[in-house]
Amino acid sequence: MKGYLTFVFKRLLQLAAAVFAGTSLAFFIAKLSPISAVENIVARVTNLSSMSPTAIASLRATYEELFGVNVPLLEQYLSFWGRLATGDFGPSLIAYPTPAMDLIMLALPWTAGLLMVSIVFTFIVGNILGGLAGYYQNSRVLKGVGIVAIGIQPIPYYIVAFLMVIIFGYLWPVLPISGGFAMNVRPGWSLPYIMSVLHHAILPSLSLVLTGLGLWFLGMRSLVSNIITEDYVTYAELGGVKQGRIVSAYVMRNAVVPQLTALAMALGQIFSGTIITEQVFSYPGLGTLLIRAVNGGDTTLVLAVSCISVIAVATAIFVIDLIHPFLDPRVRVS
């Protein structure tokens, strides 16, 4: 137990280092953006009324002081870490005075829902089908699934999403291609709203599932194809152990360990794929919110979304890392 606690402490230090590096990088990249929220606001105000150059300069200085961008970069950086420690990123510049965290909390459940589907469903189903395909190599059905997986897996998330829009939005318009729910449905815990949310989530989820299934299917099939040649599998077959038990307890249990490691490595890519997919379908998640913030020069909101993303992905990898020793006894925790 002491060895495992030491293992956890080391991983916590790695988590802290990853979060620090990721959020710091996000801060400086956001500050390098050529788009300024202050200039956008000033431009909108001056387009609505004629103002003298002196009044425009005064208005610009007021907004720069209000948003805290008139101080040196180091002071902004220290202030940023102070706000991050309390979970208060400050007001959104494009939705002032709404706090950036409030906007994130509205968008986060939509992204979390897509991520749960794309990760849990594709990981479980893809590995099960891949494991069966690797063990029962003469199955025609599983060979067909393998051919489809090889064809779909290399296609980027956004290409699959665009194909879904074309097929189900124009060629065969049976599913909604934008939004999170119907405009004529009032949000709330009612059956019409829940059904509308599920209806609008079909295409975004399907585009993520189709691409993700191929990744885990091919990976598990390759691993199982190597494992079935191991001596302990041969001995189990010669000893009369049932095939179902051999597949589940001897083969797939050992093959899922490297797949779990691959999952930790792929979480960032899966998250970025979800962000892009949301933009294609105008889904009201973090992806759509992030694009709005970038286009509006809202560095506060960009930083908030980026930091939440970095923390969420790093924490998920941390949790997977903690589970790893329980699945693979070869992992040393001391």
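**Figure 1. Surroundings of Q269 in helix α10.** At 53% relative accessibility, Q269 counts as exposed. The model shown here and in the other views is predicted. Q269 belongs to helix α10. Its C-alpha atom is separated by 9.9 Å from that of Y157, although the two residues are 112 residues apart along the chain. Y157 appears again in the next view, where this residue is part of the lining of the largest cavity.

**Figure 2. The largest cavity and its lining.** The search gives 1 cavity of 30 Å³ or more. The space in the largest cavity comes to about 40 Å³. Its lining is made up of S118, T122, Y157, L208, G212, L215, W216 and I270. Helices α5 and α8 each contribute at least two residues to this lining, and α8 gives the most, with 4 residues. Sorted by class, the lining residues of the largest cavity are 5 nonpolar, 3 polar and no charged.

**Figure 3. S118, one of the residues lining the cavity.** S118 is part of helix α5 and also of the lining of the largest cavity. Is S118 buried or exposed? S118 is buried, because its relative accessible area is 5%, and the cut-off for buried is under 20%. With neighbours within four places in sequence left aside, S118 is in contact with L208, I270 and T274. Among these, L208 and I270 also line the largest cavity.

**Figure 4. S207 in helix α8.** S207 lies in helix α8. S207 has a relative accessibility of 1% and therefore counts as buried. Which residues does S207 contact, leaving aside its neighbours within four places in sequence? The contacts of S207 are V160, A161, M164, T277 and F281.

**Figure 5. The largest nonpolar core.** This core has 46 residues. Within the core, I104, L263, I270, L286, L289 and L301 touch the most other members. Two or more residues of the core come from each of the elements α1 (2-31), α4 (73-86), α5 (100-135), α8 (191-227), α10 (243-280), α11 (286-295) and α12 (299-327). Another core, of 12 residues, lies apart from this one. Its members include Y135, I227, I246 and V251. In soluble globular proteins, nonpolar side chains tend to be buried together. I270 belongs to the largest core and also takes part in lining the largest cavity.

**Figure 6. Contacts of L301 in the core.** L301 is one of the residues that touch the most other members of the largest nonpolar core. Beyond its neighbours within four places in sequence, L301 is in contact with S92, I94, A100, L103, I104, L289 and A293. Of these contacts, I104 and L289 are also listed with L301 among the core residues that touch the most other members.

**Figure 7. The largest pocket.** About 480 Å³ of space lies in this pocket. The pocket is lined by 24 residues. Which lining residues are the closest to the centre of the pocket? They are A26, L290, V302, V305 and S306. At least two lining residues come from each of α1, α10, α11 and α12. The largest share, 7 residues, is supplied by α12. By class, the lining of the pocket holds 15 nonpolar, 8 polar and 1 charged residues.

**Figure 8. Aromatic residues around F27 and F28.** The whole structure has 14 aromatic pairs. In one of these, F27 and F28 are arranged edge-to-face, at 5.1 Å centre to centre and with 85° between the planes. F27, at 1% relative accessibility, counts as buried. F28, at 35%, counts as partly exposed. Both residues belong to a cluster linked by ring pairs, which consists of F20, F27, F28, Y77, F80 and W81.

**Figure 9. Backbone at S282.** S282 is located in the loop between α10 and α11. What is the sign of phi at S282? The phi of S282 is positive, at about 50°, although S282 is not a glycine. With a relative accessible area of 42%, S282 is partly exposed.

Terms used: Residues numbered from 1 in each chain as written. Predicted model: local features only at pLDDT ≥ 70, side-chain atom pairs only at ≥ 80, totals over all residues. Heavy atoms only, no water. Phe/Tyr/Trp six-rings, centres within 6.5 Å; stacked < 30°, edge-to-face > 60°. Buried < 20%, exposed > 50% of the residue type's maximum accessible area, 1.4 Å probe, protein only. Core = buried A, V, L, I, M, F, W, Y, C linked by side-chain atoms within 4.5 Å. Contact = heavy atoms within 4.5 Å. 1 Å grid on protein atoms, 1.4 Å probe; cavity = no way out; pocket = protein on both sides within 12 Å on 5 of 7 lines; lining within 4 Å. Points joined across faces, edges and corners; volume = space filled by probe spheres on them. Nonpolar A, V, L, I, M, F, W, Y, C, P; charged D, E, K, R; others polar.
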